[in-house]
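User: I would like to go through this model with a few specific questions. Please reason briefly before giving each answer.

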Amino acid sequence: MANQATRDGFGEGLLELGKTHPNVVALSGDLEDSCRAVAFKKTYPDRFFSVGIAEQDMIGTAAGLAIAGKIPFACSFSQFVTGKTLEQLRMAVCYQQLNVKIIGSHGGLSVGADGATAEALEEFAHMRALPFMTVIVPCDAIEAKKATITCADYPGPVFLRLGRAPIPAITKESDPFQIGKAIVMRSGDRAGTFIAGEEVPRAAERAADDVTVVACGVMVSHALQAAEQLAKEGVGARVINCHTIKPLDRETLLAAAKETGAIVTAEEHTVLGGLGGAVAELLAQTHPVPMRFVGVQDRFGTSGDPAELLKAFHLMPEDIVRAVKDVLRSKPNSLSSSSRH
Amino acid sequence: MSPQPSPDLKQLKRVANALRQTILKMIAKAGSGHPGGSLSMVELLVGLYWHKLRHDPKRPDWPGRDLFLLSKGHGCPALYAVLAEQGYFPKDELMTLRRYPTKLQGHPERWSVPGIEIASGSLGQGLSMANGIALADRLDGRTRRIFCLLGDGEIQEGQVWEAAMTAHHHHLDHVCAIVDANQLQQNGPVNIIQDIEPLPEKWRAFGWHAIEIDGHDLAQVVKAYDEAETIKGKPQAIIARTVKGKGVSFMELNPAWHGVAPKPDELERALKELQAAV
């Protein structure tokens with residue numbers, strides 16, 4: 001299957017919602033083409049509102065639409081729809097607990113050549129600090145479509161972070177998707193079996209995992225590649241697709257910490273306050289284990305080809321492998337002393 | 001429920017005076033709040049709630065009601081007093097303003113009490129919400145009107161002008177903005193902090209039908225609301241020239257009374273002045 005961007009999955013999902021949900025409307029600040037909302041706009045012109053390059057007004061207008069019973073999807077670049085509008089999202093959307101869906105396309109480094117000003121790398125932290133906000137980061141276009149459709153019936157504010165660059169499909173149409181429910185993508189390498197897409201690995205497989213990589217967005221794909229490499233080296237890495245950063249799937253993450261004893265998080269986002277921060281906040285209070293954080297190191301983005309930037313910013317599978325090896329050295333009864341290595 | 005054809009202006013004047021007294025008592029009891037900007041908007045609310053607005057305090061969520069959105073949230077003591085007087089909630093709740101655990105937040109929380117349609121307090125956001133409601137109403141065939149009250153200092157916020165463009169672009173003639181141009185903001189006269197004039201010309205340039213009135217003259221207020229309703233194809237802006245702190249001599253046009261509660265002796269003096277004015 002050809003690579004597809006998560007924004008494309010959103011566009012398909014929105015179009016479908018147009019048919020199934022008469023109350024779904026969409027807004028954009030002159031970026032509906034980039035956000036893949038054009039098909040919806042063409043099919044349902046009365047239900048699409050252009051508000052000009054004015055993101056703050058777009059969020060306020062979306063709030064008004066929601067007050068009057070609509071389910072508005074407000075679309076722009078992730079940086080602008082979360083950054084310029086933080087105050088509007090806080091008061092008009094979250095404080096009023098309105099059913100507004102915030103669509104941030106071109107998130108992370110995937111906007112590439114446009115450079116730092118358009119590369120959103122802090123929005124997980126901004127969005128998840130807002131009361132009542134739900135934060136979803138789909139790992140491929142298939143999941144993005146499901147997330148789009150699912151969030152229309154999930155009451156309250158939802159932020160959906162999408163990417164511009166085409167990425168591999170790693171989930172199937174038939175895989176379940178539930179907001180707030182993380183998915184174990186891989187487990188049990190060292191037990192001699194391999195499972196994918198099962199929510200709860202079987203006991204023997206669970207017990208055999210040495211470490212867990214918790215990832216979201218494109219980093220889930222990278223985590224799976226890292227796990228493949230690690231398996232060859234005799235390390236069993238569980239991979240969790242944590243598509244919902246808020247609310248966090250406490251059960252799945254806590255089980256991973258208890259069963260594998262070490263965690264690496266991976267996100268196309270600053271290491272401050274995003275997925276890694278969320279997981280660390282949970283585990284620090286429940287079951288502290290050694291952790292490492294793969295992400296952008298407190299810096300701005302820069303211009304370049306997205307693939308090239310992921311390398312330059314150390315967000316590749318080999319960076320996850322390195323982080324895993326590092327965290328295993330901190331793990332009590334570390335593998336360095338075990339016969340397996 | 002339906003607007004009265006010819007309001008008794010003398011009666012409305014008495015209502016406005018009584019509301020001013022209530023507002024000052026509430027803020028004095030709270031020990032903090034914004035008397036100046038609450039007093040300047042009293043006639044604007046009286047003209048709406050006692051004349052123009054199609055509403056029913058017994059059915060605050062009646063889908064056909066006209067909506068009033070307070071964008072200048074710091075003026076909420078005036079709105080709370082109006083809503084209680086109209087019977088939206090018991091009057092004895094008024095004296096809980098700003099004190100934990102109250103429904104009457106220092107700046108409005110949506111539906112904390114019936115009749116509070118939106119949250120405000122972070123300035124500049126109400127008009128965008130009014131537009132969104134109007135767009136949804138158009139899709140759903142609702143014909144209610146949406147009034148949004150803004151402060152003159154507030155319209156220094158850029159979002160207000162984004163919203164002004166949106167309302168014009170989408171021909172939202174059910175949206176009526178009311179600017180309480182009380183001449184002052186927290187740190188001094190609006191024209192010294194950042195001049196916003198000429199107001200009617202600005203709104204007209206943004207495609208709105210602008211009406212300039214004395215915002216304390218109830219006859220003008222009522223007439224402006226009636227005129228605005230007749231305008232088709234474009235949103236309307238009522239520029240209400242008002243006096244911050246109106247009705248209390250030592251508060252009028254004195255920036256010191258933007259966000260300070262009257263002490264007991266000051267409250268007594270203020271109430272005496274207002275009672276003498278009836």
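User: Which residues lie on the two sides of strand 8 of chain A, and are they buried or exposed?

Analyst: The model is predicted. In a regular strand the side chains alternate between the two faces of the sheet. In strand 8 of chain A, one side carries Val211(A), Val213(A) and Ala215(A). The other side carries Thr212(A) and Val214(A), and the residues on both sides are all buried.

User: Why is strand 8 of chain A largely enclosed by the rest of the structure?

Analyst: Strand 8 of chain A spans residues 211–215. It is largely enclosed because the number of its five residues that are buried is five.

User: What is the handedness of the β-α-β crossover that leads from strand 8 to strand 9 of chain A?

Analyst: Strands 8 and 9 of chain A run parallel and are joined by five bridges; within this pairing, Thr212(A) has Arg238(A) as its bridge partner. Between the two strands the chain passes through helix 9 (residues 218–232) of chain A, and the crossover is right-handed.

User: Which residue of strand 11 of chain A stands opposite Val214(A)?

Analyst: Strand 11 of chain A covers residues 263–270 and pairs with strand 8 of chain A in the parallel sense, over four bridges. Opposite Val214(A) in strand 11 of chain A stands Thr265(A).

User: Which element gives the largest share of the side of chain A that touches chain B?

Analyst: The contact involves 24 residues of chain A and 20 residues of chain B. On the side of chain A, the elements giving two or more residues are helix 3 (55–67) and helix 5 (86–95). The largest share, nine residues, is given by helix 3 of chain A.

Conventions. Residues numbered from 1 in each chain as written. Chains lettered and ligands numbered in written order. Predicted model: local features only at pLDDT ≥ 70, side-chain atom pairs only at ≥ 80, totals over all residues. Buried ≥ 20, exposed ≤ 12 C-beta atoms within 10 Å, placed from the backbone. Pairing = 2+ DSSP bridges. Right-handed = clockwise from strand over helix to strand, strands pointing away. Contact = placed C-beta atoms within 7 Å.
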